[in-house]
Amino acid sequence: MPARMGLRGNEAVAYAVKLARVEVVAAYPITPQTIVVEKIDELISKGEMDAEMIHVESEHSALAAAYGAAVGGVRAFTATASHGLAYMYEMLWWTAASRIPLVMAIITRAIGPPWNIHVEHADIMSTRDTGWLISMAENNQEALDLTIIMFRVTEDPRVYLPGIVGLDGFILSHTVEPVEIPDQEAVDAFLPPRRQPYTIEPGDPKAMGNLVPDEYFEELRMDMHRSMLEARRVIMEAGREYGKLTGRDYSGLVECYRCGDADTLIVGMGSWMGDAKVAVDMLREKGLRAGALRLRWVRPFPWEELREAGLGKRLVVVLDRSISFGHAGPLFLEVSSALEARPSMVGVPAGIGGVDISYEDIARIVEEAYGMVEERGRVFIPVYWYHLGRFYRLSPGAAPPEAVARAAPGAGGGGG
Amino acid sequence: MSGVEAARRGLVARIDPAGHPLPLSEAAPGSAGRTGFWRTHRPVLEPARCVGCYLCWLYCPEDVIEMAEGAGPRGQAVPVIDYEYCKGCGVCVDVCPTRALKLVEEPIGEG
Ligand code: SF4
Ligand code: SF4
């Protein structure tokens, strides 16, 4: 029988790592990731988990050590956030381009200065082009499930790339939620013994990362792209099978909430998409036919799912918890590339640096965007920053940027 | 010929059974390419000065020196350099205690 426990998001990830029978964990502590490795340490010291924990002196070394173990043939794991991820960045490329499966949790957090330990997606979004698969959990259950699924997907010969499981700092990492922990037998049935393209072992020397002809380098890179595209099918298969074993189906790269008959879609990723669902219900009560589409996977990018979801929609509002300075929110950039049907689009960066965004805020954002569509017909606004109850138009090409746009509908004027 | 084919032939990389090209090479001569092409100067031996001490053999970073036992004029071991892969760094010349090795400029256009 699967056990049901109250777990913080970080602990849920730790249990997933245990269930995946990970043999080597290497990590360096950073808020809000620390509990992941503390919990794993605790499971090892209690004898509940049979793994080697390597305490290293930096995140660069953390991934280097986990990568070394993985190249040697064992399932390996690390976790980090924010500045730690930035410090680790070079090793992300080594791991992915070596085609070595490995799983990392990123507990999303703002990158300083100024100092800030709260949720933001600037860190995880900086990994998009490194060749890692990227998934993003909405809740603690999903953080556990996606971690287990990620091991299977990354170790599939069609993929052979490492993978990141993202969960929002504090909102998930430090919040207790009921989580169902699958049986070890179910996870064993789901996760085949580790597969990887090669191992480096004593007695069988190989050179890694040597100089190669440029043509070969290019072919290697494009094979990573091909494998990432292929990963879509692998994720669907794995997600379906996980559903059969646990009752929780993960065959979709996106999750749709009341999307079908909606004319307005809220698109985003991470924990606040739970609030977006509440906002959808509120908006529907007011007669606005809203739906929420949550990206569970950012890489591979669910291009087809988004293209289809965008068909027949009047308005798509994309929520971004970070911004690509000088352009727009990274999710807006990605999502707008897939919406061939060209509905009205409004990109809303919000909640950056952990600024609280409630479901009421999300409902206000959608009402404001919808109002603009009603007023002007089709709109396309890449950056409509929502901050403390007010909107600021800061789109590229919109000169000069308006300092203050307007107060949100229903907002009491707010600060700002 | 694609890069992958070139890479395989020169033993600079491997393809895994699932078809992915890998940034990996077997330990084999030439796994870093024909490093002899890099050379602007070549180490040349004057066998009469060599005392067969093996220092050049020990220090060569490319491992392209073989010692020929008894091949020297006084029956001493002398180095034989594989110019296909000797990159001309001059380390052997530097460590030779008897100046039996000298760096000689490569003629331009040959290599
Ligand atoms: S020049 Fe450098 S590479 Fe060539 S034999 Fe001497 S030490 Fe080796
Ligand atoms: S270092 Fe000089 S003396 Fe010693 S073996 Fe080499 S060439 Fe001969």
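**Figure 1. The loop between β13 and α10 of chain A holds A:P300.** In this predicted model, the peptide bond that leads from A:R299 to A:P300 is cis, and its omega angle is near -5°. A second cis bond is found elsewhere in chain A, running from A:P113 to A:P114 with omega near -10°, and A:P114 belongs to the loop between β5 (103–108) and α5 (122–125). As background for both bonds, most peptide bonds are trans.

**Figure 2. Helix α10 of chain A, residues 303–310, has buried residues.** The buried residues are A:E305, A:L306, A:A309 and A:G310. When the helix is seen down its axis, these residues fall within an arc of 125°, and so they line one face of α10(A). A general feature of helices helps in reading this view: an α-helix has 3.6 residues a turn, so residues three or four places apart point the same way. The partners against which the buried residues of α10(A) pack are the helices α8 (214–246) and α11 (330–338) together with the strands β10 (254–257), β11 (264–268) and β12 (290–295), which belong to chain A as well. Just after α10(A) comes A:G312, whose phi is positive, at about 75°.

**Figure 3. An open sheet of six strands in chain A has mixed pairing.** The strands follow one another in the order β10-β12-β11-β14-β15-β16. At the edges lie β10 and β16 (380–381), each of which pairs on one side only. In general, strands of a sheet pair through backbone hydrogen bonds, either parallel or antiparallel. Strands β15(A) and β16(A) run parallel and are joined by two bridges, and A:V346 has A:I381 in β16(A) as its bridge partner.

**Figure 4. A:S344 sits in strand β15 of chain A, which covers residues 344–349.** Is A:S344 buried or exposed? With a relative accessible area of 3%, A:S344 is buried, because buried means under 20%. Leaving aside residues up to four places away in sequence, A:S344 touches A:R314, A:L315 and A:V316, and also A:V373, A:G377, A:R378 and A:V379.

**Figure 5. A:R296 occupies the loop between β12 and β13 (297–299) of chain A.** A:R296 counts as buried, since its relative accessibility is 7%. A polar atom of its side chain lies 2.9 Å from the backbone oxygen of A:G252. Apart from residues up to four places away in sequence, the residues that A:R296 touches include A:I134, A:S135, A:M136, A:E142 and A:L146, and among them are also A:D249, A:Y250, A:L253, A:V254 and A:E255.

**Figure 6. A:Y242 lies in helix α8 of chain A.** A:Y242 is buried, and its relative accessible area is 2%. How far apart in space are A:Y242 and A:A189, C-alpha to C-alpha? The two residues are 53 residues apart in sequence, and in space the C-alpha to C-alpha distance is 9.6 Å. When residues up to four places away in sequence are not counted, A:Y242 touches A:L144, A:D145, A:I148, A:I149, A:P182, A:F190, A:G247, A:R248 and A:Y250.

**Figure 7. A:R342 and A:L388 each have a positive phi, in the first case at about 50° and in the second also at about 50°.** A:R342 is not a glycine, and neither is A:L388. As a general background, most residues other than glycine have a negative phi. A:R342 is placed in the loop between α11 and β15 of chain A, where A:R342 counts as partly exposed at 45% relative accessibility. A:L388 is placed in the loop between β17 (384–387) and β18 (390–393) of chain A, and with 43% relative accessibility A:L388 likewise counts as partly exposed.

**Figure 8. Ligand 1 has 14 residues around it.** Those that come nearest are the cysteines B:C60, B:C86, B:C89 and B:C92, together with the glycine B:G90. The shell around ligand 1 is made up of 10 nonpolar, two polar and two charged residues.

**Figure 9. Ligand 2 has 14 residues around it.** B:C50, B:C53, B:Y54, B:C56 and B:C96 come nearest to ligand 2. Of the residues in this shell, 12 are nonpolar and two are polar, and there are no charged ones.

Key: Residues are numbered from 1 along each chain as its sequence is written. Chains are lettered from A and ligands numbered from 1 in the order in which they are written. This is a predicted model: local features need pLDDT of at least 70, side-chain atom pairs count only at pLDDT 80 or more; totals for chains, interfaces and linings use all residues. Side-chain values use heavy atoms; hydrogens and water are left out. A residue is near a molecule or strand if one of its heavy atoms lies within 4 Å of it. Ala, Val, Leu, Ile, Met, Phe, Trp, Tyr, Cys and Pro count as nonpolar, Asp, Glu, Lys and Arg as charged, and the others, Gly among them, as polar. Helices (H or I, at least four residues) and strands (E, at least two) are DSSP runs, numbered from the N terminus. Buried means under 20% relative accessible area, exposed over 50%, partly exposed in between (1.4 Å probe, protein chains only). Contact means heavy atoms within 4.5 Å. The arc is that of the directions from the helix axis to the C-beta atoms. A polar contact is a pair of N or O atoms within 3.5 Å; within protein, one must be able to donate a hydrogen and the other to accept it, and residues adjacent in sequence count only if both atoms are side-chain atoms. Two strands pair if DSSP finds at least two bridges between them.
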